[in-house]
Amino acid sequence: MTANRFSYIFGPELYGRLLWFGRLRWLAVCGLALGALLGPWLGFGGVWPSLVVIASVVALYNLFFQGLLHHSRQAGRSFTNLRAVAMFLMVMDLAALMVTTHFTGGLQSPLLPFFAFHMALGTVMLAGRSMYLLAGGVSLGALALLLLEARGRIEFHPMIAGGTLDVSTGSLNLLTLVAALFGIVYLTDSVASRLKSRSIELLEATEALSDRTETLQRLLSELEDLERRKSHYMRISAHQLRSPLGTIKTTLRVLVERIVDPSTKRGRKLLDGALEVTDSLLAIVNDLLDLAKIREGRDRAPWSRGVNLNQLLADLFDSLATEAAERQVKMIPDFEGVAVLDWGVPPALVHAFENLIYNGIKYSLAERPLTVELRTVDESAVIKIIDQGIGIPEAFLDRVFLEFVRAPNAKQHAAEGTGLGLAIVKEVVEAHGGTVSVESPGQEGSTFTVRLPLRHTPSEAQRLLRAGNDRGYGAETHRWA
Amino acid sequence: MERKSILLVDDDEVFVEAMIAILESRFRVRSAKNGTEAFREIDEERPDLIVLDVMMDYMSEGFDVARKLREDPETKSIPLIMLTGVDERYDYREEVDESWVPCDRFLEKPVELGTLLAEVEALIGRPHS
C-alpha cells in the first residue's frame with residue numbers, strides 16, 4: 001500500500017532503469033556480433049551464423065521497446081504496465097541467453113555467469129517473487145538443455161572446435177548455476193527491498209517535513225500580518241494625535257510671538273480654541289487607553305456573574321437623559337423579557353452601550369425618537385439601538401467599527417468624536433462572545449444590533465470559578481444584578 | 001498695489017484662525033471648511049494661492065479638491081500648497097496612483113511659520129506694501 005502511494009516516484013524509476021537496461025542490451029548485441037566475427041578465427045567451429053541471428057533478434061526487440069518507451073515519454077503518457085514490459089524483456093533476454101548458451105557449449109559455456117549477472121539486474125528492477133519464478137525457469141531450462149544434449153535429442157555445440165560433451169561437468173555447472181541464481185536473487189532482493197523501504201521512509205519524512213514547513217510558514221505570515229496591522233494601528237494613532245498637537249503648537253506660536261496679543265479678544269479666542277483642541281486630544285488619548293485596557297487586560301477584567309442587561313440599559317437611560325434633552329432627542333426603551341448574562345464585565349458593557357446610545361443621540365435629528373430594543377432570542381440577548389438620524393453611507397458600513405474611521409456626514413454633523421467609540425464597542429461585545437452589526441437602509445437612520453449569548457462563559461471567568469475566587473467582584477455583581 | 005489673496009481650506013477652525021493671524025498682515029486671507037465651500041469661494045474670487053488641507057470631511061478630500069482644481073483650465077494655474085497633519089504621501093500613495101496630487105508644495109503640520117511664509121513668498125512673491 002505504501003509502495004502504491006509512492007508509485008509516482010517508483011514508476012519513473014523503473015522507467016529509467018528499463019532505458020538503462022536497454023542501453024546495456026546494445027553491449028550484449030555488440031558482444032554477440034563480436035563473438036560471431038571472432039569465433040571462426042578463435043576456432044569456434046560453425047557457431048557464428050547462430051550468434052548473428054541471436055544478435056539480430058535481440059537488437060530488433062530492443063529497438064522496438066526502446067522506441068516504445070521513448071515515444072510514450074514524449075507523448076507525456078505514463079506507460080500503463082511498465083512491470084509487464086520489464087518482465088517480458090527479462091524473459092526475452094534470458095531466452096536469448098539460453099539459446100546463446102546452447103550454441104557456445106551448453107552447460108560448459110563460459111557465458112553461464114551472465115545468467116547470474118542478469119538475475120542481479122532483474123532483481124534490482126523487479127523485486128520480489130517474479131524473480132524467483134524466473135530463476136526457477138532458467139534452472140529448468142538449463143536442466144532441459146543438459147538432458148536433451150546428453151540424450152542426443154539436440155546437437156551439442158562445443159565452444160572450442162573438437163570439444164565433447166562432459167555430462168558430469170555439465171551437471172556440476174548446473175548445480176552451481178542454480179545455487180548462484182537463487183542466491184543472487186535472494187541477496188539482491190533483500191538489499192534492494194531494504195533500500196526501497198528506506199527511501200519510502202525518507203519520502204514520508206520529507207512529506208511530513210514539508211507539511212510542517214507549510215504550517216510554520218502560514219503561522220509566520222499570520223504573525224507578520226498581525227505585526228503589520230499593529231504597527232499600522234500605532235502609526236495611525238500617532239498621526240491622529242499629531243494633527244491636534246500641530247494645531248495647538250501653531251496657535252501657541254502665534255500667541256508667543258505676539259502676532260496676536262493674548263490679552264486681546266482675538267488672542268482669547270485663539271486660546272479657547274487651543275483649549276478645545278486639547279480636550280479633543282485628551283479624549284482620543286483616553287479612548288486609546290480604554291481600548292488598550294480591554295485588549296490587554298481581558299484576563300484581569302472584573303468578570304461578574306449574573307449581569308442584568310435591563311438594569312444596565314435603564315441606568316444608562318438615566319445618565320444620558322440630559323444629553324438627549326439638550327439635543328431634543330426622545331429616548332424610548334422597548335424591553336421585552338429580562339436578559340441576564342451568566343458572565344459579564346459590567347463597566348465594559350456600560351462603556352459599550354453608552355457609546356452606542358450616545359452615538360444615537362449625537363447623530364439623531366431633533367424631535368426624532370431613539371429606540372433601544374431588548375429581546376431574548378435563542379439564548380441570546382439582542383439589543384437594537386435604532387435612531388432616525390443622519391445614517392451611514394453604504395461605503396462606510398463595514399468600516400465604522402475600525403479605529404479612526406468616521407463617515408464624512410458624521411464629521412459634518414458633529415465635529416467632536418474620536419473615531420474610536422465603535423472600535424471599543426466591538427472589542428467589548430466580542431470579549432463577551434457576541435457580535436455587533438450595523439444597518440442603515442437608504443441612509444435613513446442607523447440600527448446597531450448587539451447580540452450577546454446569555455450562557456457565554458469566558459475562559460477567564462472559568463478560571464475564577466475554579467479558583468473559587470469570584471467573590472472579589474461581588475460588590476459590582478450586586479450593583480448590576 | 002493690491003495685496004495678493006490666499007484661500008485657506010481646512011476644517012480645523014482653530015488652525016485656520018491661527019493661520020489667518022500669521023498671514024493677514026501681508027495677504028488678504030479667506031477660508032473654507034471643505035471642498036464645497038472652497039469652490040464657492042474660488043468662484044466668487046480667484047485667489048492668488050490656495051493652502052489646502054488633505055483630511056477634511058473625509059480622509060482624502062484634499063486630494064480630490066486638488067485634482068479638480070488642476071483639471072479645470074480656470075484654476076489650473078493657481079499655486080497650491082498642500083498641508084497635512086497625517087503623512088498622506090505615505091498613507092495614500094497607492095490609492096492616489098496616477099492621479100497623484102499635482103500640487104506645488106507639500107508641507108506637514110505642524111508647519112513652521114518661517115517655512116510657510118517662505119513657501120508662500122516663493123510661489124506668489126513678496127508682497128509690496
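Two rings of Phe, Tyr or Trp count as a pair here if their centres lie within 6.5 Å, with the six-membered ring standing in for Trp. By that yardstick, the model, which is a predicted one, holds 7 aromatic pairs over all chains.

Take A:Trp20 and A:Phe21 to begin with. Their rings are stacked, sitting 6.3 Å apart centre to centre with 20° between the planes. That label follows because planes under 30 degrees apart count as stacked. The two partners don't share the same kind of surroundings: A:Trp20 is partly exposed, at a relative accessible area of 40%, whereas A:Phe21 is buried, at 4%.

A:Phe317 and A:Phe335 make another pair, this one edge-to-face, with 6.4 Å between the centres and 90° between the planes. Here the interest lies in where the partners come from. A:Phe317 belongs to helix H9 of chain A (residues 309-319) and A:Phe335 to strand S2 of chain A (residues 330-335), so the pair ties together parts that are 18 residues apart in sequence. On the helix side, A:Phe317 counts as buried, with a relative accessibility of 11%. Over on the strand, A:Phe335 comes out as partly exposed, with 27% relative accessible area; the cut-off for buried is under 20%, so A:Phe335 misses that class. Chain A also has a ring cluster, in which ring pairs link A:Phe64, A:Phe65 and A:Phe88.

Now for the interface. On the chain B side, 25 residues are in contact with 24 residues of chain A. Between them the two chains bury about 2,200 Å², and 56% of that is on carbon and sulfur atoms.

As for charge pairing, the count between chain B and chain A is 3 salt bridges. One of these joins A:Arg266 to B:Glu17, whose closest N and O atoms are 3.7 Å apart. That makes the grade because a salt bridge needs the nitrogen and the carboxyl oxygen within 4 Å. Polar contacts turn up across the interface too, in 3 residue pairs with both residues at pLDDT 80 or more.

Which helices of chain B each supply at least two residues of the side that touches chain A? They are helix H1 (13-23) and helix H4 (88-91). The largest share of that side, 7 residues, comes from H1 of chain B. Sorted by class, the side of chain B that touches chain A has 13 nonpolar, 10 charged and 2 polar residues.

Definitions and conventions:
Residues numbered from 1 in each chain as written. Chains lettered and ligands numbered in written order. Predicted model: local features only at pLDDT ≥ 70, side-chain atom pairs only at ≥ 80, totals over all residues. Heavy atoms only, no water. Contact = heavy atoms within 4.5 Å. Buried area = accessible area lost by both parts, 1.4 Å probe. Salt bridge = Lys/Arg side-chain N within 4 Å of Asp/Glu carboxyl O. Polar contact = N/O pair within 3.5 Å; in protein donor to acceptor, adjacent residues only side chain to side chain. Helix = DSSP H or I, 4+ residues; strand = E, 2+ residues; numbered from the N terminus. Nonpolar A, V, L, I, M, F, W, Y, C, P; charged D, E, K, R; others polar. Phe/Tyr/Trp six-rings, centres within 6.5 Å; stacked < 30°, edge-to-face > 60°. Buried < 20%, exposed > 50% of the residue type's maximum accessible area, 1.4 Å probe, protein only.
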